[in-house]
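Biologist: Could you take me through one part of this model in detail? I'd like a close look at the ligand and what surrounds it, and then at whatever that leads to.

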Amino acid sequence: MKIAVIGSGYVGLVTAACLADFGHFVTAIDKDQEKIALLKAGKIPIYEMGLEEIVHRNMEENRLSFSGNLGEGIKGAQVIFIGVGTPPREDGSADLQHVEAVAKEIAQHLTEYAVIVNKSTVPVGTGRRVREIIAANLQAPVEFDVVSNPEFLREGTAVMDFTHPDRVVIGTESERARKIMEEVYHALRDETAFVFTNLESAELIKYASNAFLATKVTFINEIADLCEAVGADVHVVAEGMGLDSRIGPKFLRTGPGYGGSCFPKDTRALARIARDYGERVTIVETVIAANENRKKRMVEKIRRIAGPLAGKTLAFLGLAFKPNTDDVRESPALAIISQLLDEGAELRVHDPAAMEETRKIFGERLCYCNDPYEAAQGAGALIIATEWDSYRRLDLGRLRSLLQSPVLIDLRNIYTPEEVRKFGFSYESLGRKSI
Ligand code: UGA
């Protein structure tokens, strides 16, 4: 099947590469000519496990190509995916200008029946709006259908998530489009649950899922605070809760708050959508506020343990919003860093992948170090804010000798108090007794 994917960002590129791997002939399209030139040269602009190999293999086998021209790229495509960004506006609502512009351009070039599939996370009602825009801008009477097919992949495990999803959600009222979408995902048919529904339900499933997961994370974060107050251990509490199959063990890891390009944006957008329809999702509104507050609380914790921050040098490990990505969008680490800087602290930072992205935001206000040991040199405390695997195996003896004071503040609980105590550290983590 010939497929076009418009937008070669995170979701678009992974979708294009994986669909090519399913055996389809895919053209990935982007208006950013520089990005297309890079991709044509086999260079991948994002850091994602396994993606480069899939892109190269499918380029070599002539199933994946790139185009900077939408009209040419969609020629002959039976299915056209829209995977462009929907950045948040000031008021939290999603900015749909890219989706709408793409819909208009598709209409201007459509010459035969095609299924237009929305993969971007868009407010309820956008599928219908896309249909109206296309209908209004067609140059000739051409039939088409619009489908909502939200994407649930996570950064860092995007390829795996795309090729082994828990479910595939297809929102359409057209039987013809439904059959074509079944063919698009033929490779997953035997082991994956498919949810066929209407456009609105499909659009809402995406927001409701992300908001629920953000709620789960926020819930365990508040329970962690309570654990500290009452002398309980959040790991055991989470384990005990997670063994209830109605709750499940995932997304119950406490941390400095959720971040990234999805949870913060989608929770705000869901709250906005509800208000636009005269409803309130008060739980989600509370989650948003609690997550903001969480980062302040982390700074308070650091201040309490490390002492007054003005003029204090701190080592700070982990900048990305989670491991295995260079993405720092809405990273709690950066929000905490920003507050520490405001209070006059000097920061020696390290991250295995996200230093360049961080430099774009903080410039030379931070001291960027080559490794955790360089960061620790002469610092009054060491803070871990992202659970990179490489931080789980630090040489604690060496770190202790480099730090000015042996203080370890672990905001991801990657160590246990016992193992750190052996090296003479004063150790603070989340949701369990400090030593
Ligand atoms: C999230 C969803 O998990 C994906 O299903 C969805 O497709 C994606 O958003 C999206 O809408 O595009 P992602 O933002 O890549 O994926 O990251 P997650 O792994 O979900 O983590 C989100 C945040 O929650 C991170 O800051 C992470 O550190 C935090 N988190 C997650 C916790 O603090 N504790 C947990 O137990 C799990």
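Modeller: Sure, starting with the ligand: it has 19 residues around it, and Phe-152, Leu-153, Glu-155, Lys-206 and Asn-210 come nearest (a residue counts as near if one of its heavy atoms lies within 4 Å of the molecule). Keep in mind that this is a predicted model, where local features need pLDDT of at least 70 and side-chain atom pairs count only at pLDDT 80 or more, while totals for chains, interfaces and linings use all residues. Numbering runs from 1 along each chain as its sequence is written, and side-chain values use heavy atoms, with hydrogens and water left out.

Now the polar contacts, meaning pairs of N or O atoms within 3.5 Å; within protein, one must be able to donate a hydrogen and the other to accept it, and residues adjacent in sequence count only if both atoms are side-chain atoms. The side chain of Asn-210 puts an N or O atom 2.7 Å from a ligand oxygen. From the backbone, a polar atom of Gly-259 sits 2.9 Å from an oxygen of the ligand, and an N or O atom of Glu-151 is 3.4 Å from one. On its own the ligand would expose 710 Å², and the protein buries 94% of that (Shrake-Rupley areas, 1.4 Å probe; for residues, only the protein chains shown count as cover).

Glu-155 then takes us to the domain interface. Its side chain meets that of Arg-329 in a salt bridge at 3.8 Å, N to O (a Lys or Arg side-chain nitrogen within 4 Å of an Asp or Glu carboxyl oxygen). The count between domain 1 and domain 2 is 1 salt bridge. The domain assignment, automatic or from a database, puts domain 1 at 2–197 and domain 2 at 264–428.
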